[in-house]
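Please look through the model below and follow how its helices, sheets and contacting surfaces are arranged. The report starts with a single helix and then widens its view.

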Amino acid sequence: MTTLMSASGAAAGDGPLLAVDNLTVRFPTADGLVHAVTELSYTVELGKTLGIVGESGSGKSVSSMAVLGLHDSRTARIAGSIRIAGEEVVGADQGTLRRIRGNVAAMIFQDALAALHPFKRIGKQLSEAYLVHHPQATKREARRRAIQMLDRVGIPQPERRVDDFSHQFSGGMRQRAMIAMGLINDPSLLIADEPTTALDVTVQAQILDLLQDLQREFNSGVVLITHDLGVVAEVADDVLVMYGGRGVEYGPCREILTHPEMPYTWGLLSSVPDVHADPNARLIPITGNPPSLLDPPAGCLFHPRCAHVHKVSGDLCRTVLPELVPGPRGSGHLKRCHLPDPESIYESEVLPEIAPDLAEVADVGREG
Amino acid sequence: MFSFLVKRIVSGFVIVVLVSLAVFTLFFYGPKSPALELCRRDTHNRCGPTSPKLEEYEQRLGYNNPMLSEYAKWAKGLVAGRTITIGATDYDCSAPCLGVSYRDRTSVSAQLKERFPITLSLAVGASVLYLLIGVTMGVLAARRRGTTTDRLLVSSTLVFSSVPYYLVALLSMLTLTISTDIFPRVEYHPFLDNPLKWATGLLLVWLVLGIYGSTSYTRYARGSMVESLSEDYVRTARAKGLSNSAVVVKHALRSALVPVATIFGLDFAFLLAGTVFTEKIFGLEGIGKWGLDATYIKDLPVVQATSLVLAVSVVAANILVDILYSFLDPRVRLS
């Protein structure tokens, strides 16, 4: 598999592989300006996985499409900076973008049935992706490469299936083919936009395993967009929680999942079902609806749905937007919340509700 | 695929038979006797709807026999040929026999053989043009959706297609070939004799028909393209790093053409059945004009022949579109 080893990976000499800084994406519409993503910043290192979590409409997909410059410049207003291996994407010309797309940075879309062309053979779609970035390669070489990639992602009889159409593949196989297409040029950055959403649970696990294997093999950086915290817990090194187009909590995966400090993250954790959990544990949905991106609420975006507003003195939550700053647990863990002591609220109020057994352990630990 | 084709051809055959039966029925039970024209011609206009002479002609032409037996005779002539007797003259009509025209007593199939290439030439040239112009304009408008170019293109097609076609045809003939020499005179030369003359002689007709017909194709293609440009797989193609033109042509247009091809097949069939206005205005002796003239004088064999051409073209075009469809959309191919 030495031929599969990444050559473009070396491009990121210094600095992170992907650095998103103060990214703002807005769409002018007839009803007004939609603030899809506002002042979003994050970084991804080579070989690491960042999980971006949030409800539908929180700006996860919009921000990652901006990374590949996929927004129509006539309908989207993009500000801030996105650097892939040191190269600026925001405002880059089409030639630069085309060189990056599918080559340095590739994207895997969520619904592979819709994301693969219905009238073109799978192999053709794969070799096309290879040929764009290897103009000197022959069609035969590209086809061989396509078969090799299909084989690598675990499609049985790749020599035969390479000539199939996407409707002849099962859902899991389509997503595998999609991954093969994303990785065919050894990209150093892979953006996976809810890659397991349309799949059933057993296949989801297979696809996640495959993604992890490939990431280790190719040593690429991965941005995994999902609304499933279970998926994040399994594969991510870092987690970014998004709400209403802004980052609201950001830090190492274990840290965020074990010591969440933002009520919205608590809400997400409370609504994850767990097979091993105490059957008496409750799933608590977050009440209310995601904020309007046309007219975002003043103050903290989450305050209309937050159960802890009264614990903050004065009208702070309703009037002042909290900054995304390090919380009590150190500089690696950023949160956007006014709550003075989120950890004790989490342990005394949230944990007992969602995982009574864990809460007891925490209590015992503190007493001893 | 094979059994599908056989099924379609059988059902197509049934449709053709039903159409020709319907034409027969109209003539047999219609208000005006089809024998009248022939009778008038032979008696120097002294034949009226009540004169005994007419009854004699009806007898000779078989209109007093049961309709189905006459239909059987006609159908048999189509396959095996027959001898037609009108008055004292016998006409030897070899297969495929479509009868003898009541107006000039010439063989209908011989006339058809002469006229069909004219209509076919018109239809091929015009349809190639309107497909090309329409799809190009539609793609252009779809890619610039919402801009001035888009609005200009769409509204100009609306303006153009709301002017009556015969007016456009008549005016362009008058201004472009008669009062000026911008275009060569419209005339038909067989393609095999002189392809260049064939093309120049029909150029203006093609352009008029083609541009006029392209307006609806601009709108179909635009709608279809707008839809396919917003598909996920077009975004995937972009994310692969393909050039803009490859994304638009190879990915978006590829799927946008499927619905356009369906409409195109049917439109082409209707063109084959005769472009009556075009042939009349430009003085081309094609099928449309022939059929129209024959209808005025109840010339059954000619009307029967032209409606047969229409029925066969529509049926054949439908089958061809189905075959084409299975090539364009692999999801249809297997089932």
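## A bent helix in chain B

In this predicted model, helix 5 of chain B bends by about 30 degrees at B:Arg115, and within four residues of that position there follows a proline, B:Pro117. The helix covers residues 108-143 of chain B, and because each of its 36 residues is reckoned at 1.5 Å, a span of 52 Å should result; the C-alpha atoms at its ends lie 50 Å apart, which agrees.

Helix 4 of chain B, residues 67-80, can be checked in a similar way: it has 14 residues, and the distance from its first C-alpha to its last is 20 Å, close to the 20 Å expected at 1.5 Å a residue. After helix 4 of chain B comes B:Gly81, which has a positive phi near 80 degrees.

## The two domains of chain B

Chain B is divided into domain 1, residues 2-96, and domain 2, residues 109-334, and the C-alpha centres of these two domains of chain B lie 34 Å apart. Where they touch, 14 residues of domain 1 of chain B are in contact with 14 residues of domain 2 of chain B.

Which elements supply at least two residues each of the side of domain 1 of chain B that touches domain 2 of chain B? They are helix 1 (2-29) and helix 2 (36-42) of chain B, and helix 1 of chain B gives the largest share, nine residues. Sorted by class, this side of domain 1 of chain B has nine nonpolar, two polar and three charged residues.

## Where chain B meets chain A

Between the chains, 19 residues of chain B are in contact with 23 residues of chain A. On the side of chain B that touches chain A, two or more residues come from each of helix 9 (232-239), helix 10 (244-272) and helix 14 (330-334) of chain B, with helix 9 of chain B providing the largest share, six residues. By class, this side of chain B has five nonpolar, six polar and eight charged residues.

## The four-stranded sheet of chain A

Chain A has an open sheet of four strands in the order 2-1-4-5, and the pairing is antiparallel. Strand 2 (32-44) and strand 5 (87-88) of chain A are the edge strands, each of which pairs on one side only. Within this sheet, seven bridges link strand 1 (residues 18-29) and strand 4 (residues 77-84) of chain A in the antiparallel sense, and A:Thr24 has A:Ala79 of strand 4 as its bridge partner.

Helix 1 of chain A, residues 60-67, packs on this sheet and touches strand 1, strand 2 and strand 4 of chain A, while its direction makes about 115 degrees with that of strand 1 of chain A.

## The eight-stranded sheet of chain A

Another open sheet of chain A is formed by eight strands in the order 6-7-8-3-9-10-12-11, with mixed pairing. Its edge strands, each pairing on one side only, are strand 6 (105-108) and strand 11 (325-327) of chain A, and from one strand to the next the twist averages 25 degrees. Strand 7 (residues 189-193) and strand 8 (residues 221-226) of chain A run parallel and are joined by five bridges; in strand 8 of chain A, A:Leu224 is the bridge partner of A:Ala192.

Helix 7 (residues 171-183) of chain A packs on this sheet, where it touches strand 6 and strand 7 of chain A, and its direction makes about 170 degrees with that of strand 6 of chain A. Helix 11 (residues 263-270) of chain A also packs on the sheet, touching strand 3 (49-53), strand 9 (238-243) and strand 10 (246-252) of chain A, with a direction at about 105 degrees to that of strand 9 of chain A.

Terms used
Residues are numbered from 1 along each chain as its sequence is written. Chains are lettered from A and ligands numbered from 1 in the order in which they are written. This is a predicted model: local features need pLDDT of at least 70, side-chain atom pairs count only at pLDDT 80 or more; totals for chains, interfaces and linings use all residues. Two strands pair if DSSP finds at least two bridges between them. Two residues are in contact if their C-beta atoms, placed from the backbone, lie within 7 Å. Axes are lines fitted to C-alpha atoms, for helices over the stretch in contact, and angles run from 0 to 180 degrees between N-to-C directions. Domain bounds come from an automatic or database domain assignment. Ala, Val, Leu, Ile, Met, Phe, Trp, Tyr, Cys and Pro count as nonpolar, Asp, Glu, Lys and Arg as charged, and the others, Gly among them, as polar. The expected span of a helix is 1.5 Å times one less than its number of residues. The bend at a residue is the angle between axes fitted to the seven residues ending there and the seven starting there.
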